[in-house]
Amino acid sequence: MTQVQRGNVDFGRRLWIVRLRDRVDGRIDIRTVAVCAALLLVTVAVAVVAVGTGDFYIPPNEVLAAVFGHSSRITEIIVMEWRFPRVLLAFLFGAALGVSGAVFQSLTRNPLGSPDIIGFATGAYTGALVVILTLGGGYYQTGAGALVGGLATAAAVYLLAYKRGVQGFRLIIVGIGVSAMLASINTWLVVKADLADAIAAAVWGAGSLNGLGWAQVVPALVVMAVIAPCLAVLSRRLPMLEMGDDAARALGVRAEPTRLMLVFLGVALIALVTAAAGPISFVALAAPQLARRLTGTSGVAMVPAACMGALLLVVSDVVAQRVFAPTQLPVGVVTVSVGGAYFVWLLAREGRKQ
């Protein structure tokens, strides 16, 4: 029988202790649950407003009625066919970026250890760009190219940073160098392409949700449904890896295989977003750290990072659509503008620690 008990452990933090047959099976931090619930409520509220806002305004109550199939036909078409898929993709992609950032920041034990910074996102962009410009691939081919590019970059960074193990700071430094090289390759690919392909690649490369719909929602849901259970199982081993490989092995964790599996899953999430929307920067960098500050936890947790990432991307997409309306900006322009300032602050903060 499963029982949930409340307890005060972890230096006064209030927890729910889950017991299964008189054995402690897990601990749920009450503050973390409250923060995640608040983030999700705010995200849903912003999403409802975003769906109703536009040339044809729809009040929030009618948006909810349309979602549940209790509205007029024209309202249902506007909500369910035109606007809702984009908001849903912003939610899913933001969550994917937040989780990916949490994985890599935990593995590197450094808030700068984001896939944006260490080159994995740039590598995924390179793989997708090669497929688009040379093979003219569709959504699935672009996704495969992004995954291959991201994994190849991860392998290169990992091998270059390996020296009797992989240290987080060395991985970040190597990743920054590899990312710079790949960025120059991406620029060269766009310059050498035909004008029409180059323009399309440049617009897509800014990171945009414009024109996306249900055709991208279903594959995203399927991929995330496969990755989520794997990450849920492996996430329990992340705190042990953060203590170091020797400590992890002493606790029965196979450090290297576990790390490689986490890298693969993190890159797969980045590839999922890149294939559909292009590279969206800084959400993976900021979401885990902002979530950690709200929850007050000592480490990076995946569920709060997912909730924060979803909120950041939904809000950023609303800003991209409405601030300069009727002109719609790529959402990547907004995330880069906000995330760049956060990145400078984070660099200064980390520099003061040295």
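**View 1. The cavity in the predicted model.** In this predicted model, the count of cavities of 30 Å³ or more comes to one. The space inside the largest cavity is about 40 Å³. Its lining consists of Ser106, Leu107, Arg109, Leu241, Glu242 and Arg259. Two elements, α3 (73-108) and α9 (238-242), each give two or more residues to this lining. Sorted by class, the lining has three charged, two nonpolar and one polar residue.

**View 2. Helix α11 and the residue after it.** Helix α11 covers residues 255-277. Its 23 residues should span 33 Å at 1.5 Å a residue, and the end C-alpha atoms are indeed 33 Å apart. Of these 23 residues, 18 are buried, so α11 is largely enclosed by the rest of the structure. Gly278, just after α11, has a positive phi of about 85 degrees.

**View 3. The aromatic pair Phe84 and Trp214.** The model has three aromatic pairs. In the pair of Phe84 and Trp214, the ring centres are 6.0 Å apart and the planes lie at 45 degrees, so the pair is tilted. Phe84 belongs to helix α3 and Trp214 to helix α8 (residues 214-234), and the pair links parts of the chain 130 residues apart. Phe84 is partly exposed, at 22% relative accessible area. Trp214 is also partly exposed, at 32%.

**View 4. The aromatic pair Phe104 and Phe120.** The ring centres of Phe104 and Phe120 are 4.9 Å apart; their planes are at 70 degrees, so this pair is edge-to-face. Phe104 lies in helix α3 and Phe120 in helix α4 (residues 120-135), 16 residues apart. Both Phe104 and Phe120 are buried.

How values were computed. Residues are numbered from 1 along each chain as its sequence is written. This is a predicted model: local features need pLDDT of at least 70, side-chain atom pairs count only at pLDDT 80 or more; totals for chains, interfaces and linings use all residues. Side-chain values use heavy atoms; hydrogens and water are left out. On a 1 Å grid over the protein atoms alone, a cavity is a set of points where a 1.4 Å probe fits but cannot get out, and a pocket is an open set with protein on both sides within 12 Å along at least five of seven lines; lining residues have an atom within 4 Å of a point. Grid points are joined across faces, edges and corners, and a volume is the space filled by probe spheres set on the points. Helices (H or I, at least four residues) and strands (E, at least two) are DSSP runs, numbered from the N terminus. Ala, Val, Leu, Ile, Met, Phe, Trp, Tyr, Cys and Pro count as nonpolar, Asp, Glu, Lys and Arg as charged, and the others, Gly among them, as polar. The expected span of a helix is 1.5 Å times one less than its number of residues. Buried means under 20% relative accessible area, exposed over 50%, partly exposed in between (1.4 Å probe, protein chains only). Rings of Phe, Tyr and Trp (its six-membered ring) pair if their centres lie within 6.5 Å; planes under 30 degrees apart count as stacked, over 60 as edge-to-face and the rest as tilted.
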